[in-house]
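This report describes how the helices and strands of one chain pack and pair, and where selected residues sit within that arrangement.

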Amino acid sequence: MQASLVNPFLSSSIHVIETLIQIKPSVGQLSVQKIDYLHHYIWFKIGIIGSLNKDILFGFPETVAFRMVSGMMGGYPITEFDEMCQSAVGELGNMISGNASAILYQQGIEVDITPPHLVQQTGYTWGEKVFSIPLTIDTIGQFHIYIST
């Protein structure tokens, strides 16, 4: 995977999370792998279209998503994946992808993003290996951003 595509998502993720939650995430070991759809996970997909056509998949353990949304809302406790939580997690992915798209545009790569789409685990197949960006946020947990190869 080209660094010119991965780096915008890395820097955008760190910037957006640090801005919204006031905690800088740490980046784990980047890798190419197959996605395992795990139970009790929340999956959102955003498409990158234009000069590049890629899919970005955000995978959050439910408890991590609840803590992230709580952090985004100033500590308001979140205990279920209701419409508000779904909207907040989708917006987080939207902000990260939009910011990364702006960085790509500055590099001369004209792209746009599709709206976030909640992916139901059952019956959905990605089909190929993806580039994995693991992010860990202290007191919240770890989630992944996957970029289609």
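**Helix packing**

In this predicted model, helix 1 (residues 3-21) packs against helix 3 (residues 83-106) at an angle of about 135°, and their axes are 8 Å apart. That angle makes helix 1 oblique to helix 3. The crossing of helix 1 past helix 3 is right-handed. On the side of helix 1, the contact is made by Ser4, Leu5, Pro8, Phe9, Ser11, Ser12, Ser13, His15, Val16, Ile17 and Leu20. Helix 3 contributes Leu92, Met95, Ile96, Ser97, Asn99, Ala100, Ile103 and Leu104. By class, the residues of this contact are twelve nonpolar, seven polar and no charged.

Helix 3 also packs with helix 2 (residues 62-72), here at an angle of about 85° and with the axes 10 Å apart. Helix 2 and helix 3 are therefore roughly perpendicular to each other. In this contact, Ala65, Phe66, Met68, Val69 and Met72 of helix 2 meet Cys85, Ala88, Val89 and Leu92 of helix 3. The contact of helix 2 with helix 3 has nine nonpolar residues, no polar and no charged ones. Leu92 is listed for helix 3 in the contact with helix 1 and again in the contact with helix 2.

The buried residues of helix 2 are Val64, Ala65, Phe66, Met68, Val69 and Ser70. What do they pack against? Their partners are helix 1, strand 3, strand 4, helix 3, strand 7 and strand 8. After helix 2 comes Gly74, which has a positive phi near 75°.

**Gly90 in helix 3**

Gly90 belongs to helix 3. Its relative accessible area is 4%, under the 20% cut-off, so Gly90 is buried. Apart from neighbours within four places in sequence, Gly90 is in contact with Phe44 and Pro116. Between Gly90 and Val119 there are 11 Å in space, C-alpha to C-alpha, at a separation of 29 residues in sequence.

**Strand pairing**

The pairings described here involve strand 3 (residues 41-50), strand 4 (residues 54-61), strand 7 (residues 130-137) and strand 8 (residues 141-148). The table lists each pair with its sense, its bridges and one pair of opposite residues.

| Strands | Sense | Bridges | Opposite residues |
|---|---|---|---|
| strand 3 and strand 4 | antiparallel | eight bridges | Gly47 and Asp55 |
| strand 4 and strand 8 | antiparallel | four bridges | Gly59 and His144 |
| strand 7 and strand 8 | antiparallel | eight bridges | Ile137 and Gly141 |

Strand 3 and strand 4 form a hairpin, and three residues lie between them. The hairpin of strand 7 and strand 8 likewise has three residues between the strands, and Thr139 takes a positive phi near 65° there. Strand 4 pairs with strand 3 and with strand 8; strand 8 also pairs with strand 7. Besides the residues in the table, Phe58 stands opposite Ile145 in strand 8.

**Burial of strand 4 and strand 8**

How far is strand 4 enclosed by the rest of the structure? Seven of its eight residues are buried, so strand 4 is largely enclosed. Strand 8 is mostly covered, with six of its eight residues buried.

Lys54 is a residue of strand 4. Is Lys54 buried or exposed? With a relative accessible area of 17%, which is under 20%, Lys54 counts as buried. Leaving out residues up to four places away in sequence, Lys54 touches Leu5, Ile46, Gly47, Ile48, Ile147, Ser148 and Thr149. Among these, Leu5 is also part of the contact of helix 1 with helix 3, and Gly47 is the bridge partner of Asp55.

His144 is placed in strand 8. Its relative accessibility is 14%, again under 20%, so His144 counts as buried. Residues up to four places away in sequence not counted, His144 touches Leu57, Phe58, Gly59, Ser132, Ile133 and Pro134. One of these, Gly59, is also its bridge partner, while Phe58 stands opposite Ile145.

Methods
Residues numbered from 1 in each chain as written. Predicted model: local features only at pLDDT ≥ 70, side-chain atom pairs only at ≥ 80, totals over all residues. Heavy atoms only, no water. Buried < 20%, exposed > 50% of the residue type's maximum accessible area, 1.4 Å probe, protein only. Helix = DSSP H or I, 4+ residues; strand = E, 2+ residues; numbered from the N terminus. Pairing = 2+ DSSP bridges. Contact = heavy atoms within 4.5 Å. Axes fitted to C-alpha atoms, helices over the stretch in contact; angles between N-to-C directions. Parallel < 35°, antiparallel > 145°, perpendicular 65-115°, else oblique. Left-handed = near helix turned anticlockwise from the far one by under 90°. Nonpolar A, V, L, I, M, F, W, Y, C, P; charged D, E, K, R; others polar.
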